[in-house]
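Notebook open, coffee ready. I want to look up one side chain first and then a sheet.

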Amino acid sequence: MAVGGENGVLLNGGGNQSNGAGDHHIRRIPLSYDGANSEESALELVLTIRPDWADTASNKVEFVRFTDGITNTLLKAINKRPGLSKEEVDGEAILLRAYGNGTDVIIDRFRETQNHELLMRHGLAPELLARFENGMMYRFIQGSPTQPEDLRKPVIYKAVAQRLAQWHAVVPCIKAPTGHSRKNSRADGPVTLDSNLGDAEFQNVIDNVAPGKPPPNVWTVMQKWIFALPTDTEAQRARQAELQKELTWLVSQLSQRPGLGVNGLVFAHCDLLSGNVIVLPKTSQGVTNGDKATENVTFIDYEYATPSPAAFDIANHFAEWGGFDCDFSVLPTRAQRRQFIDEYIRAYFAYREEKKPGAAAGVDQKAEVEQLLTEVDHFRGVPGFYWGIWALIQAEISTIDFDYASYAEIRLGEYYAWKDEVTGTRPKDGKEAPLRERRWAQEE
């Protein structure tokens, strides 16, 4: 998405973190973060896992608020004890993330914790220290978040391709029912698409929206979100019905296409905006390919991670090259997409071979590049649909000062422009291709 990540921090050591998922129990603290009493409630939470910081004679606990994200509250807790260098202070720092208002409608928080622990097991996430009633705390590691213009630099996008390939090749997809909220499924409320469904039927409809694809996946998430759309007015109910029709069409067109992974699904990040791509310090361990001109990056924020076609995850990242303002003029050309995918395929099969010797034997990597290039092209309109639905929900539930309604229309406009192109509607009507489609078709 273009607006949901929290940046300004690095939360991933690039492979040198605890392999804690499954090795230890994640502590659950029966307390909540209170935004109206921010520092006091945050301090109480932090002191439950670092009680030694309570000695005010020698400790000086401070909080740094990161403000770029607009879904959650993110605070960095530091203790400026006498004699410690900045690096040593950061080495002990804790990140506290409190969930945004009403976001359980959109995000499966239990699944997010599972994602975090799964990534920890593969050295791709920081140590998760504790969960509390409306958030979690984990370790902080120094690093630099990218900006949209950074994503367009070969030194960065090749590194992103390498790291994304590692996620997709190494981390397994875990099957489970799609977590959801029936917020808009009240028997005494407005008539909605899901009003007449029992709980088991409701779950079944979501989990089987894309036949043969084990849940959860990007298709089940979109179905869940459509069911959670506001339906208080006739216009809202009509919009919900329209989007349901579009999802059914999308599933019929794309869900059964060939792809990497198992059942055409990989463990995908699904939210690789610039703030979630972090450049690691030069001394960090991590992805390398002997290319001195390539940086080492890692990813943060796993709340939207779910099994998805690799082509969706890549197309979604490409959409973020335009930043929060959706600047279509800087989206990757075909030549840039090919460079990214060349790097991705090379790394993907290297990681597959490392995980299971012989897995890459006989693979025609040039053919795989062409295939994935084609698949990403097919999926280029789906991120607009995905985040458009998300923004329509956020427009109703979020207390953050952001024009979600306008953002929703911009993102849905991307989807409809793509659909008009692939169905032939736009050329048939004699209209000029919109900027986004023209840029996508540009070779160099």
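I started with Asn316: a polar atom of its side chain lies 3.2 Å from the backbone oxygen of Cys270. That fits the cut-off for a polar contact (N or O atoms within 3.5 Å, one able to donate a hydrogen and the other to accept it; residues adjacent in sequence count only if both atoms are side-chain atoms). Asn316 sits in helix H9, residues 310-319. Is Asn316 buried or exposed? Asn316 is buried, with a relative accessible area of 0%; buried means under 20%, exposed over 50%, and partly exposed in between, with a 1.4 Å probe and protein chains only.

Note to self: this is a predicted model, where local features need pLDDT of at least 70, side-chain atom pairs need 80 or more, and totals for chains, interfaces and linings use all residues. Residues are numbered from 1 along each chain as its sequence is written, and side-chain values use heavy atoms, without hydrogens and water.

Next, the sheet. I found six strands in an open, mixed sheet, ordered E1-E5-E6-E4-E3-E2. Strands (E, at least two residues) and helices (H or I, at least four) are DSSP runs numbered from the N terminus, and two strands pair if DSSP finds at least two bridges between them. The edge strands are E1 (27-29) and E2 (61-66), each pairing on one side only.

I then checked E3 (residues 73-79) and E4 (residues 94-98): they run antiparallel, joined by five bridges. Leu75 stands opposite Leu96 in E4.
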